[in-house]
2 protein chains.
Amino acid sequence: MTTDRAAEAEQQVLDRIERARSRKPRLREDRITLAHGSGGKATQTLIEAVFLEAFRNDVLARLEDGAELAADAARLAFTTDSFVVSPLFFPGGDIGDLAVNGTVNDLAVSGATPRYLSAGFIIEEGFPTADLVRITRSMADAAAVAGVRVVTGDTKVVQKGKADGCYINTAGLGTLHTDHRLGVDSVRPGDAVVVSGPIGDHGITIMLARGELDIDADVESDTAAVHGLVGDLLAAVPGVRALRDPTRGGVATVLNEIARASGVAVVVDEDTVPVREEVRGASELLGIDPLYVACEGRVVVVVDGAQAADALRVMRSHPLGVDATAIGRIADDPPGLVLLNTALGGTRIVDLLVGDPLPRIC
Amino acid sequence: MTTDRAAEAEQQVLDRIERARSRKPRLREDRITLAHGSGGKATQTLIEAVFLEAFRNDVLARLEDGAELAADAARLAFTTDSFVVSPLFFPGGDIGDLAVNGTVNDLAVSGATPRYLSAGFIIEEGFPTADLVRITRSMADAAAVAGVRVVTGDTKVVQKGKADGCYINTAGLGTLHTDHRLGVDSVRPGDAVVVSGPIGDHGITIMLARGELDIDADVESDTAAVHGLVGDLLAAVPGVRALRDPTRGGVATVLNEIARASGVAVVVDEDTVPVREEVRGASELLGIDPLYVACEGRVVVVVDGAQAADALRVMRSHPLGVDATAIGRIADDPPGLVLLNTALGGTRIVDLLVGDPLPRIC
């Protein structure tokens, strides 16, 4: 496209946004109906009144079947996650910011700069329109903080009883500007294991928000976009080998993936693992080890042992990493296993979970 | 990454695929449980036994949080779609090939070469494992035909009664190699409107597959990837202005989007619209105009009127376009409306649908 045509096209798009704003399309219905998923008039109003309003940007506003993006890097990272968390709203966040931060974080721990998101909604007939508006605003706010744009989307509506309010899928696209090779299969004996802050806040918050436990703990989800923290770390510490965000299955699951993929042992010192008192207490009542409880704004870092102090210093100077802590190290033996040196002086194997004690945590 | 390190990394990945194959992980459970969505052992087995087995490729096999891709074009197209079709299996296809073809087609009508897909599954607890395997194989087959790779994915499991078997989201990434500007806002009076084949096959097939109508028509879904057809067309006919795949809401909805976005009238001659006899008959019984019924392997083309014959010739020489037909033209007046010259000699407005006569068609 020549510059003139590009400018003309952009002006047309801006004009259209302006027209849409001046029309101020409004959803008259208090609840989402099957018609909102029909592709017809109701869908168009939903898109203009809710989605364009929340995510306003010139790429999305073209409302074409595919968003056109500039690829300003030779390598890209691409990821997807569906969110089925229950309840939809909880202390510290909701399904909307979770859906943005979750995918942003998957890109960040891949070493990518998060750039673009897609958003696919599956909504249950009868879902309150006000809740949908609240969720999309929360997504828009989280996207603004993370520096990403929601550039393409889709909405389906299913009959009452065929979903649970609202499910959201986000796919994310990021650009890779570094030659830094990261991978759970890249860690070596002698490396250190660091977490960026207290673990288990998100999972425990969700369990408590369900009201199934009669506890009133002062804890909220840690949902946050960690790309800034990760960016600082990768820029300053060349010895970072692997990064993961410990969501479903928690830190224990991430460490097991690392142990298996690299054929090493991961040794964790229980008394160094940062866990808030409230989280520890609720975990005990639930009968679950906090190591298995989901975080949504933390990162597990494996770094060359000689650079662990540097990594901690860099992470602690970022608002999301002030409580970063070294919790263990990589050893030769036994390969493929995660060992925990317990606070009581014993050692036990931390295996992958067999069941799911915390369903629909994200 | 240097070439040596890239080769080494690739070898490691191939080794891992080989190890995974020789281990032959198998899902012992006949039905999907919440544990398959936990992120733990059951999830890992599900990924290895079902998803890696179906979609085997070196990018996915790394099982990192983000897939690393090479961006070999300066411009990309990005799109997403969720699929909630009911029933999941129907004559001519299933939710799996639909989920691949639907997103491939959104990329194709954006003028992009479809390259990579993500796949996000939301599965209802108790869903038969065999059905999931069948769906993923169908996705893999469709991806192979379309020349795309499923490079990243996610699985969530929700409790019984919180979904309807299986929902799938796919996001797609394509590369744009042409300066050809396509857009529903780019059409002009004098352009011709072409459809690539008979319309409504998919929607009617789904309605009949539900068994709510006591009809036994010999019709099957037209689900197919149209990127080849579109590629031929764009390569040969510079005057193509807009492309859309008429899914939800059918051809009528696409034409309304074009009329509104370009501020033109679209005039359709009813007796030129290709509709199979079985589809026409079932539509009459359902009380719906075939113009509103979803296709999943068709494309609506608006092309410079002077190049319409060229477009038809090119399309008819592709297997998916043998029945391509000109069905109307773009006029000045009345702007924003779609007019149908009926077979009986009258003229009526074809508006956007207000309700949803065909819910969960895709």
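A salt bridge is taken here as a side-chain nitrogen of Lys or Arg within 4 Å of a carboxyl oxygen of Asp or Glu. In this predicted model, Glu68(B) and Arg75(A) satisfy that rule, with their closest N and O atoms 2.7 Å apart. The pair crosses between chains, from strand 1 of chain B, which holds Glu68(B), to strand 2 (residues 75–83) of chain A, which holds Arg75(A). Another salt bridge links the side chains of Arg75(B) and Glu68(A), at 2.8 Å from N to O. Side chains of opposite charge can pair when their charged atoms come close. Over all chains the count is 38 salt bridges, and between chain B and chain A it is 8.

**The interface between the chains**

Contacts between the two chains involve 85 residues of chain B and 84 residues of chain A. About 7000 Å² is buried between them, and carbon and sulfur atoms give 49% of that area. On the chain B side, the residues that lose the most area to chain A are Asp65(B), Phe78(B) and Arg248(B), which together make up 12% of what that side buries.

Polar contacts between chain B and chain A number 28 residue pairs, with both residues at pLDDT 80 or more. Several elements of chain B give two or more residues to the side that touches chain A, including helix 1 (3–23), helix 2 (41–55), strand 1 (67–70), strand 2 (75–83) and helix 8 (250–262). By class, this side of chain B has 36 nonpolar, 24 polar and 25 charged residues.

**Strand pairing**

One strand pairing spans the two chains: strand 1 (residues 67–70) of chain A runs antiparallel to strand 2 of chain B and is joined to it by 4 bridges. Within chain A, strand 12 (residues 325–331) pairs in the antiparallel sense with strand 8 (residues 192–195) over 4 bridges. Strand 12 of chain A is also joined by 4 bridges to strand 10 (residues 265–269) of chain A, again antiparallel. The table gives a bridge partner for each pairing.

| Residue | Partner | Strand of the partner |
|---|---|---|
| Leu69(A) | Leu76(B) | strand 2 of chain B |
| Val193(A) | Gly328(A) | strand 12 of chain A |
| Ala265(A) | Ala331(A) | strand 12 of chain A |

**Annotated spans of chain A**

An unreviewed UniProt entry lists residues 72–175 of chain A as "domain: PurM-like N-terminal". Over these residues the chain is 31% helix and 43% strand, and the end C-alpha atoms are 7 Å apart. For residues 188–334 of chain A, UniProt gives the feature "domain: PurM-like C-terminal", also from an unreviewed entry. That span is 35% helix and 17% strand, with its end C-alpha atoms 13 Å apart.

**Backbone details**

Asp333(A) and Pro334(A) are joined by a cis peptide bond, with omega about 0°. Pro334(A) sits in the loop between strand 12 and strand 13 (338–341) of chain A. In chain B, the peptide bond from Ser86(B) to Pro87(B) is cis as well, with omega near 5°. Pro87(B) belongs to the loop between strand 2 and strand 3 (89–90) of chain B.

Arg360(A), a residue other than glycine, has a positive phi near 55°. Its place is in the segment after strand 14 (347–349) of chain A.

Definitions and conventions: Residues numbered from 1 in each chain as written. Chains lettered and ligands numbered in written order. Predicted model: local features only at pLDDT ≥ 70, side-chain atom pairs only at ≥ 80, totals over all residues. Heavy atoms only, no water. UniProt positions renumbered as here; feature names shortened; annotations may be inferred. Contact = heavy atoms within 4.5 Å. Buried area = accessible area lost by both parts, 1.4 Å probe. Polar contact = N/O pair within 3.5 Å; in protein donor to acceptor, adjacent residues only side chain to side chain. Nonpolar A, V, L, I, M, F, W, Y, C, P; charged D, E, K, R; others polar. Pairing = 2+ DSSP bridges.
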